[in-house]
Number of protein chains: 2
Amino acid sequence: MKLHHIGIVVKNIESAIPHYCETFELVTISEIFHDSIQKVSVQFLGNLNSPLLELIQPDSSDSTVSNFLSKGGGLYHLCFEVEDLEVTLRKARECGGIIVKGPDPATAFEHRTIAFVVFRDLGLIEYLQK
Amino acid sequence: MKLHHIGIVVKNIESAIPHYCETFELVTISEIFHDSIQKVSVQFLGNLNSPLLELIQPDSSDSTVSNFLSKGGGLYHLCFEVEDLEVTLRKARECGGIIVKGPDPATAFEHRTIAFVVFRDLGLIEYLQK
């Protein structure tokens, strides 16, 4: 598997984009996408020789990331791109992971299939079918 | 700059190593290193097509990461490898970062020069001189 992106929860994506681009020498590689299921706005930034940063802003107070933002936001999750999502999820369960969402055909990101798994110590992991 | 590694704070590095290797298809690429300044044990894991995972365990209750572990541990910091650390730190300050440590010749990691910067929203960032 390969690290595809790192999710960062921000309060205001419009102001966060230029801030992150300037601070970490990044460029935007997508438009801002509004995910109506997760109730978030997301923007991918690239230039780190492989993994992307994904800025995530809750669009409403019942968004999946609102609670995390209320505790300060910041580093939220890692996303790994995998060869076989079903095999990966079976392995994740064997390793103590709890599947909290998916596998769903994603509406959020290139229409690819994703799943979210929580590990007790590490927290939230996203898996993305290659 | 390039994402060099992602720091993850764990309670027990000895048990975390095989767990992370199995879960994320990683291999150890170093011995466990005891950093007497930060009072942590660290282990680098690789296989993600570039960035490493760094497992970090506090060695004592007054370690720099003990407070973070007491809140649950997990994703702790991002480390970027940079061409010119002095220039990067000047830029980081201009972007609102507060330098909390360094630049110091590191004893922890290949004897390279590092610095730690805190950004209000993102949290802790490590910069590593290329």
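Which side chain has a polar atom 2.8 Å from the backbone nitrogen of Ile13(A)? Let's find out in the first view, keeping in mind that this is a predicted model.

**View 1. Gln57(A) and its surroundings in chain A.** The side chain in question belongs to Gln57(A): one of its polar atoms lies 2.8 Å from the backbone nitrogen of Ile13(A). To find Gln57(A), look along strand β5 of chain A, which covers residues 52-58. Gln57(A) counts as buried because its relative accessible area is 15%, and the cut-off for buried is under 20%. Setting aside neighbours within four places in sequence, Gln57(A) is in contact with Val10(A), Lys11(A), Asn12(A) and Ile13(A), and also with Lys39(A), Val40(A) and Ser41(A).

**View 2. Val87(A) in helix α3 of chain A.** Here we move to a helix made of residues 85-94, where Val87(A) has its place. Is Val87(A) buried or partly exposed? With a relative accessible area of 43%, Val87(A) is partly exposed. Now look for Thr23(A) as well: 64 residues separate Val87(A) and Thr23(A) in sequence, and their C-alpha atoms are 38 Å apart in space.

**View 3. The contact between chain A and chain B.** Each partner takes part here, with 32 residues from chain A and 32 residues from chain B. Together the two chains bury about 2,900 Å², and 67% of this area is on carbon and sulfur atoms. The count of salt bridges between chain A and chain B is zero, while four residue pairs, both members at pLDDT 80 or more, are in polar contact across the interface. On the side of chain A that touches chain B, the elements giving two or more residues are β1 (2-9), α1 (13-24), β6 (74-82) and β9 (123-129). Which of these gives the largest share? That is β6(A), with six residues. Sorted by class, this side of chain A has 18 nonpolar, nine polar and five charged residues.

**View 4. The axis that relates chain A and chain B.** Imagine picking up chain A and laying it on chain B: a turn of 180° with a shift of 0.0 Å along the axis does this with an RMSD of 0.0 Å. The two copies are therefore related as by a two-fold rotation axis. To locate the axis from chain A, start at Leu75(A), whose C-alpha is the nearest one in that chain, 3.4 Å from the axis. Both copies use the same surface, as 100% of the contact residues of chain A recur in chain B.

Definitions and conventions. Residues numbered from 1 in each chain as written. Chains lettered and ligands numbered in written order. Predicted model: local features only at pLDDT ≥ 70, side-chain atom pairs only at ≥ 80, totals over all residues. Heavy atoms only, no water. Contact = heavy atoms within 4.5 Å. Buried area = accessible area lost by both parts, 1.4 Å probe. Salt bridge = Lys/Arg side-chain N within 4 Å of Asp/Glu carboxyl O. Polar contact = N/O pair within 3.5 Å; in protein donor to acceptor, adjacent residues only side chain to side chain. Helix = DSSP H or I, 4+ residues; strand = E, 2+ residues; numbered from the N terminus. Nonpolar A, V, L, I, M, F, W, Y, C, P; charged D, E, K, R; others polar. Buried < 20%, exposed > 50% of the residue type's maximum accessible area, 1.4 Å probe, protein only. Least-squares fit on C-alpha atoms with pLDDT ≥ 70 in both.
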